[in-house]
Each structure stands twice: as C-alpha cells, then as structure tokens.
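Colleague: Before I use this model, I should like to go through its architecture and packing with you. Could you please display the sequence and structure?

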Amino acid sequence: MTGLIYWIVVGLIAGWLAGQVMKGGGYGVVVDIILGILGGIVGGWIFGLLGLGPGRGLIGSIIVSFVGAVILVWIARKLKKA
C-alpha cells in the first residue's frame with residue numbers, strides 16, 4: 001500500500017511540475033497524477049536508453065517522472081491542437 005501512495009505522490013508532484021513548466025496550467029489533479037505516473041514509465045525508459053539511472057530516493061524519482069511527464073504533456077498538447 002505504501003508503494004502505491006509513493007507513486008501517487010511522485011506522480012502528483014511530477015505532473016504538477018510538468019503542467020507548470022509547460023505553457024499554460026495543468027490538466028487537473030487527477031490527470032496530472034496520471035501524467036506523472038506515466039511520465040515515470042516514459043522517463044525511466046528514456047533514462048535507461050541513455051544509460052542513466054534515476055538515482056535513489058524521492059528526488060530522483062520525481063526528476064525522472066518529471067522529464068517523462070513533460071514529454072507526455074508536450075505530446076498531448078500537440079495532439080490536442082491537431
């Protein structure tokens with residue numbers, strides 16, 4: 001149960017940060033959490049391709065999730081405009 005709460009917190013922080021960094025606001029708390037969690041998967045994959053590890057602890061997880069979430073927000077906004 002604590003693992004689920006951990007990924008929700010990481011997802012919320014990463015999704016919120018991604019929404020703030022990208023133009024405009026976020027998509028709402030639930031979508032920000034989902035983008036953050038999915039961003040963790042995308043970020044982990046990208047960091048793995050580059051031969052980098054996410055580091056240890058909460059900060060490393062947030063950074064990896066943030067990078068992935070920014071990419072997902074960028075893609076979502078491109079698809080929304082199309």
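The exchange below takes up the helices, the buried residues and the surface in turn.

Colleague: What pattern does the chain follow, read along the sequence?

Modeller: This is a predicted model. The chain has 3 helices and 0 strands. Read along the sequence, the pattern is therefore written with helix symbols alone, given that helices and strands are DSSP runs: α-α-α.

Colleague: How far does H3 reach from its first C-alpha to its last?

Modeller: Helix H3 covers residues 57-81 and has 25 residues. At 1.5 Å a residue, 36 Å is expected. The reach in the model is close to that value, namely 36 Å.

Colleague: And what is the reach of H2, from first C-alpha to last?

Modeller: Helix H2 runs over residues 29-49 and has 21 residues. The expected span is 30 Å at 1.5 Å a residue. Just after H2, Gly51 takes a positive phi of about 80°. The reach of H2 itself is close to expectation, at 30 Å.

Colleague: What share of the contacts with a separation of 6 or more comes from residues 24 or more positions apart?

Modeller: One pair 24 or more positions apart is Ala14 and Ile62, which are 48 residues apart in sequence and in contact. Among the contacts in the chain with a separation of 6 or more, residues 24 or more positions apart account for 73%.

Colleague: Which helix gives the largest share of the largest nonpolar core?

Modeller: The largest nonpolar core has 7 residues: Ala18, Met22, Leu35, Ala69, Val70, Leu72 and Val73. The largest share of this core is 4 residues, and it comes from helix H3.

Colleague: With which residues is Met22 in contact, leaving aside its neighbours within four places in sequence?

Modeller: Met22 belongs to the largest nonpolar core, as do Val70 and Val73. Arg77, another residue in contact with Met22, is among the buried residues of H3. With neighbours within four places left aside, the contacts of Met22 are Val70, Val73, Trp74 and Arg77.

Colleague: Is Ser65 buried or exposed?

Modeller: Ser65 is found in helix H3. Leaving aside neighbours within four places in sequence, Ser65 is in contact with Trp7, Val10, Ala14, Gly36, Gly39 and Gly40. Of these, Gly36, Gly39 and Gly40 are among the buried residues of H2. Because its relative accessible area is 1%, and the limit is under 20%, Ser65 is classed as buried.

Colleague: How far apart in space are Ala14 and Ile62, C-alpha to C-alpha?

Modeller: Ala14 is in helix H1 and is buried, with a relative accessible area of 0%. Ile62 is one of the buried residues in H3. Ala14 is in contact with Gly36, Ile62, Ser65, Phe66 and Ala69, once neighbours within four places are left aside. Although their positions lie 48 residues apart in sequence numbering, the C-alpha separation of Ala14 and Ile62 is 5.6 Å.

Colleague: What is the C-alpha to C-alpha distance between Ser61 and Trp7?

Modeller: Ser61 is found in helix H3. With a relative accessible area of 15%, Ser61 is buried. Ser61 and Trp7 are 54 residues apart in sequence, and their C-alpha distance is 8.9 Å.

Colleague: Turning to the surface, which helix gives the most to the nonpolar patch?

Modeller: Ile5, Val9, Leu12, Ile13 and Val29 form this patch, with about 380 Å² of accessible area together. Val29 lies in helix H2, whereas Val9 lies in helix H1. With 4 residues, the helix that gives the most is H1.

Colleague: Why does Val29 count as exposed, whereas Val9 counts as partly exposed?

Modeller: The cut-off for exposed is over 50% relative accessible area, with partly exposed between that and the buried limit of under 20%. Val9 is at 38% and so is partly exposed. Val29 counts as exposed because its relative accessibility is 54%.

Colleague: What share of the area the chain exposes is supplied by carbon and sulfur atoms?

Modeller: Buried residues make up 32% of the 82 residues in the chain. The chain exposes about 5,300 Å². Of this area, carbon and sulfur atoms supply 77%.

Terms used
Residues numbered from 1 in each chain as written. Predicted model: local features only at pLDDT ≥ 70, side-chain atom pairs only at ≥ 80, totals over all residues. Heavy atoms only, no water. Patch = residues over 30% accessible without salt bridge, like charges linked within 9 Å, V, L, I, M, F, W, Y side chains within 5 Å. Areas by Shrake-Rupley, 256 points an atom, 1.4 Å probe, with all protein chains shown as cover. Salt bridge = Lys/Arg side-chain N within 4 Å of Asp/Glu carboxyl O. Helix = DSSP H or I, 4+ residues; strand = E, 2+ residues; numbered from the N terminus. Buried < 20%, exposed > 50% of the residue type's maximum accessible area, 1.4 Å probe, protein only. Contact = heavy atoms within 4.5 Å. Core = buried A, V, L, I, M, F, W, Y, C linked by side-chain atoms within 4.5 Å. Expected span 1.5 Å × (residues − 1).
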